[in-house]
Amino acid sequence: MKILKSFTLIICLYMISIFTNHVFGIEETDWTIIDQPYYYIINVNDKVRIESVMEDIALIAYDDYDGLITDKIKISNPNNQYVIKVYDLKIEDRQLGTYEVIFNVIDNSGNTASVAVYFVVIDNTAPLFLDTSIISYNINVDDINITEQEIISKLKIKDNHDAYKDLIIETISGSINEMTVDIDNPYYFTVRATDLSGNKNEQIITMNFYDDTSPIIEMDKNKIIKSYKDNSTTESILESLNIVVTDNYDDNLSYYVVSNDYENNKNVIDTYRIVIGAKDTSGNEVLETIEVVVEDKIPPVFYLDISKVYVANDIQLKINDFVQLLKASGQIKNQSYQEYIIDENYSKNYNIAGEYNYELRLVYNDGDYQDFSFKVNVIGKNESIVKEPFFAKIWNFIKKIAHIIGDIFKWLVDKIRQLF
C-alpha cells in the first residue's frame, strides 16, 4: 500500500513584503491566502497582459512540500480571458463589465488548486471638450437667432469609450430666453456632458456680443437754398432740418459737425457743404452731407411806378423786398428803422393772378415814420404786363406828389411844434 505524503497546496497573494529564499527560497513571508473570489479593477483605457496582471497582483502558488510553484499557474478558462480577448480591440469596442478568469495550479504530486480572479472593467474617464475655439461665441446684436440646441450641436465632445450619440449633453446654467444682451458684459452658459458610466465634465461657454451697424441720420432734407442776404448760422440751419439719430443698439445718440465750409461764407454766392456725423458706443460712425446753396434770391420785379408792382405767380415777395424797392427809389430816410405791415392781402394769394394791396410802415429811430401803399399785380409766367392807360398814370403821379407834399407838410408841423 502506497502511502502519500500529506501536503497543503495554496495559492497566495503576495501583498507587501520583499521575500528571499530560505528553505525553498523563503525566509520571511507576508502573504494573503485567497480563499474567496478576488476582484481586479481595470480601466477600459488600459491594455494589459496576463503576465503583467499576475505580477501586478503578485499572484503566487505555494506548496508545503514543493514550495513555490508559481511557474505552474495556468488559466483554466482561456476562452473567457479578458486580457487576451480585448487586448487588441479599440477602446470603444471593449465591453465594460466583470470577467471571471480562473487560475489553476498542479503540484508535483498531482494535487490541484484554483482561484477565481474577477476583472472588473470600468470607465472612469469623463468626456472631453475638444475644440476650445468655439467655447466662445461672438454674436451680432442684430442676429441673435441662435438656440441652445445650436450651441450644443457645434461643440466637439469626445469620450474615451462611449459614442457621441450616447452622451447626455445639457445646459445646466444660463438660458437663451434669459440672456441679457450687453456689449460690455458677456453672457455665460454652462454645458455638461455625461457618459454612460456617469462620468461628467462641464464647460463654460462665453457669449460675446458685438455691434457693427452704424447709426442712421434722418433729416427733412439735405439741401438748403438761401439768399446771400440771409445770415442764418450753421446751428439754425441744422435745427431747421429736424435731424434725428437712431441706432440698432444705443439710445440717445446725437450728431456732431465734422466739417463746415459754409459758416464763414454765409453771404458769398456758391454751394457749400456741412458734413455731420454720429457714432455709437461700438465706434460705428455714419456721415451725412448737407448742401447749402447761397444765391441771390431777390426776385425779378417789374414796376411802372413805385406804388404798382408786377410779379410772377411763382415768386412770393416779402416785406424786405418791398423795402428794397423803396430804397432803390430813394423813398427811405438815411436812418435806422423798423418795418411793420399795416395791412395786406397779397401774401396768402401770392400764387393767384390778380391785384392785391400791401401797406407797410417804417418807424425811424427818431420817432418819425412813413407809410407806403403798394398795388401788387400777380401775373402768370406766360402773361404779359399790361401798361396802365396814360391818364391813369397821370392820376397816380398826382397822388404820389400829393402824398409827398403831405409828408413834407407833416414834417414842417412837427418842426414848428418842437420850436414852440
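Start by selecting asparagine 252, which sits in the loop between E17 and E18. Check its backbone: phi is positive, about 60°, although this residue is not a glycine. That is worth a pause, because most residues other than glycine have a negative phi. Asparagine 252 counts as exposed, at 79% relative accessibility. One thing to keep in mind as you click around is that this is a predicted model.

**Same loop, aspartate 250**

Now pick aspartate 250, in the loop between strand E17 (244-246) and strand E18 (256-260). Buried or exposed, would you say, for aspartate 250? Its relative accessible area is 11%, so aspartate 250 is buried, whereas asparagine 252 is exposed.

Show what surrounds the aspartate. Leaving aside residues up to four places away in sequence, aspartate 250 touches Asp280, Thr281 and Ser282. Zoom in on threonine 281: its side chain makes a polar contact with the side chain of aspartate 250, at 2.8 Å. These two residues are 31 apart along the chain, yet their C-alpha atoms are separated by 7.0 Å.

**Back a little, to asparagine 242**

Next, go to asparagine 242, in the loop between helix H4 (234-240) and E17. Here is another positive phi on a residue that is not a glycine, this one about 50°. Asparagine 242 counts as partly exposed, with a relative accessibility of 48%.

Keep heading towards the N terminus and select serine 227, which is in strand E16 (residues 223-227). Serine 227 has 14% relative accessibility and so counts as buried. What does the side chain of serine 227 reach? Turn on the backbone atoms of lysine 229 and you'll find the partner: its backbone nitrogen, at 3.1 Å.

**Helix H5 and the ring cluster**

Jump to helix H5 (residues 319-328). Colour its buried residues, which are Ile319, Asp321, Phe322, Val323, Leu325 and Leu326. Just after H5, stop at glycine 330, where phi is positive, about 70°.

Now for the aromatics. How many aromatic pairs does a search of the whole structure find? The search gives seven. Begin with phenylalanine 322 and tyrosine 346: the ring centres are 6.4 Å apart and the planes stand at 85°, so this pair is edge-to-face. Trace the chain between them and you'll see that the pair links distant parts, 24 residues apart. Phenylalanine 322 belongs to H5, while tyrosine 346 is in the loop between strand E23 (337-344) and strand E24 (354-364). Both phenylalanine 322 and tyrosine 346 are buried.

Stay on tyrosine 346 and add tyrosine 358. Their ring centres are also 6.4 Å apart, and because the planes are at 65°, this pair is edge-to-face as well. Tyrosine 358 lies in strand E24 and tyrosine 346 in the loop between E23 and E24, so the pair ties together parts that are twelve residues apart in sequence. Tyrosine 358 is buried, like tyrosine 346. To see the whole group, add one more residue, Phe374: ring pairs link Phe322, Tyr346, Tyr358 and Phe374 into a cluster.

**Charges over rings**

Select lysine 333 together with tyrosine 364. The lysine lies over the face of the tyrosine, at 4.8 Å from the ring centre. Then try arginine 361 with tyrosine 369, where the arginine lies over the ring face at 4.4 Å from its centre.

**The four-stranded sheet**

Swing over to an open sheet of four strands, in the order E3-E8-E7-E6 and with mixed pairing. Which strands stand at the edges? They are strand E3 (38-43) and strand E6 (74-75). Each has a single partner strand, so one side of each is left without a neighbour in the sheet.

Move inwards to strand E7 (residues 97-106) and strand E8 (residues 112-122), which pair in the antiparallel sense over ten bridges. For a landmark, select valine 105, which stands opposite alanine 113 in E8.

**Last stop: confidence**

Finally, colour the chain by pLDDT. The average over the protein chain is 80, and 78% of the residues score at least 70. Now look at residues 1-32, over which pLDDT stays under 50. For this stretch the model has 72 contacts beyond four places in sequence.

Note on methods:
Residues numbered from 1 in each chain as written. Heavy atoms only, no water. pLDDT = per-residue confidence, 0-100. Contact = heavy atoms within 4.5 Å. Phe/Tyr/Trp six-rings, centres within 6.5 Å; stacked < 30°, edge-to-face > 60°. Helix = DSSP H or I, 4+ residues; strand = E, 2+ residues; numbered from the N terminus. Buried < 20%, exposed > 50% of the residue type's maximum accessible area, 1.4 Å probe, protein only. Lys NZ or Arg CZ within 6 Å of the ring centre and 35° of its normal. Polar contact = N/O pair within 3.5 Å; in protein donor to acceptor, adjacent residues only side chain to side chain. Pairing = 2+ DSSP bridges.
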